[in-house]
Amino acid sequence: MARTVTAGRGPARRAGRALARGVGGPAGALRRRIRRTTHAGGAGESGLAKLIELHAVNSAGDMMITVALASTVFFSVPSGEARGRVALYLLVTMAPFALLAPVIGPLLDRLQHGRRAAMAMAMMARAVLAWTMAGVISTAGLGLYPAALGVLVASKAYGVVRSAVVPRLLPGRTTLVKANSRVTLSGLLATAVAAPVAAGLNMIGPQWPLYGAFAVFICGALLSLSLPGKVDSARGEERVRLSADEEAPPEPSGIPGRKPGLLGVGSSVLHALQGNGGLRSLSGFLTMFLAFMMREHPLGGLTPAMSLGVVGVAAGVGNAFGTALGAWLKARGPEVIIATVLICALSAATIAAGWYSLITVATLTAVAGISQALAKLSLDALIQRDVPELVRTSAFARSETALQLSWVVGGGLGILLPLNGPLGMSCAAGLVMAAFLVSVRGLVGAARRGSTARARVA
């Protein structure tokens, strides 16, 4: 009898092992390929690979929350009610964030010895808030909005700390901007994977993407704590302010009883930040304005969902292409690139305002995505070139906060503007024009003066 049982279990075990190998083989190969990609260029030895993986997890969790909120606040109600709900969402979340954003950078700038803990706390906060929102999202009650505000603030806090961490994990043979490009690309790829997963979970129930986000952020908290210890090192760092005063000497520091002074970062960084702010506000404006415009007045004879899909895919592809394009523009001056993409974005917005159609609008969103990605890479290059290493981490934190606030301003304008296509595209052109006028002269002048250390976009 014992032999018979053993003989019966043997084929079952072998079948189970074969099934495990059949399923686990491709999955293992995919994991190994991802690991080789994230660890390339010395990223594995420096610890950058872990940050790349962490940012992918962060982006996947944010996408799941975005899908859950969009399905409840925007897609599940009539058009008129949707605009009121999104306006309420912006009022309750974006307006307080507009007040909090200038504080986030300086606050996190003081957490120089606890960056891993700060990122883990941002992940855990979003995990708890995602679980909380899962209980109220089916009714879309007012309790949903404070939780959404908390998620937004935690997400932006993570973004600021991540920007400050990258210089600490930079491999010896990789430029700072190339490292940022790799981190950004990992987030874009994770977003593309998480979006259909979240949509599938949403078909089960509106709370299920939030449960998925909860699990993802728990993993992110654990990954945050696994980052190398040098992430928390603040040796030699000082705080920084963004100003156009290139010649101002550093204020004395190290005097007993006196706090370290603030250092200027130079006009190139300031004007690059102004240009980036205009492009980031353009992104926020197009996101909010076109979300309503395509739903109320779809273009090209398409359904509202298809119209939104076209412009959304165009924006995503443009952002990814711009990030990848940065690696090709190695010898181009960052100031020239920012001025060029501002002109391109302004031209695309002007054409969309004059010939409003699905093609011109999709082209504008694609150009805006490319321009925003290249301008951000160029800003990173300028910070790398012109900001001393002692204050570079702080400069990233402050600039990231300013850019996030610019998105809020553009998004708020997009929700308030009447749903008129040419008017909206004219407003988009005006945002870029304002950034162009305040920044291009300084950018071109800085490019002509040159620098003792040539900046590289990637």
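**Two helices packed side by side, and the chain around them**

In this predicted model, helix α5, which covers residues 115-134, packs against helix α8, which covers residues 208-225, at an angle of about 165 degrees, and the axes of the two helices lie 8 Å apart. Because angles over 145 degrees count as roughly antiparallel, α5 and α8 are described as roughly antiparallel to each other. The way in which α5 passes α8 is a left-handed crossing.

Which residues of α5 and α8 meet? On the side of α5, the residues in contact are R116, M119, A120, M123, M124, R126, A127, A130, W131, M133 and A134, while α8 contributes L210, Y211, A213, F214, F217, I218, G220, A221, S224 and L225. Sorted by class, this contact between α5 and α8 has 17 nonpolar residues, together with two polar and two charged ones.

Turning to the whole protein chain, its secondary structure comes to 14 helices and zero strands, so that a reader following the chain from the N terminus on meets one α element after another. Of the 458 residues in the protein chain, 50% count as buried. When contacts between residues at least 6 apart in sequence are considered, 83% of them join residues that are at least 24 apart.

A last topic is the cysteines. A disulfide is a covalent bond between the sulfur atoms of two cysteines. The structure holds zero disulfides. Are C344 and C427 buried or partly exposed? C344 is partly exposed, with a relative accessible area of 39%, whereas C427 has a relative accessible area of 18% and is therefore buried, since buried means under 20%.

How values were computed:
Residues numbered from 1 in each chain as written. Predicted model: local features only at pLDDT ≥ 70, side-chain atom pairs only at ≥ 80, totals over all residues. Heavy atoms only, no water. Disulfide = S-S within 2.5 Å. Buried < 20%, exposed > 50% of the residue type's maximum accessible area, 1.4 Å probe, protein only. Axes fitted to C-alpha atoms, helices over the stretch in contact; angles between N-to-C directions. Helix = DSSP H or I, 4+ residues; strand = E, 2+ residues; numbered from the N terminus. Parallel < 35°, antiparallel > 145°, perpendicular 65-115°, else oblique. Left-handed = near helix turned anticlockwise from the far one by under 90°. Contact = heavy atoms within 4.5 Å. Nonpolar A, V, L, I, M, F, W, Y, C, P; charged D, E, K, R; others polar.
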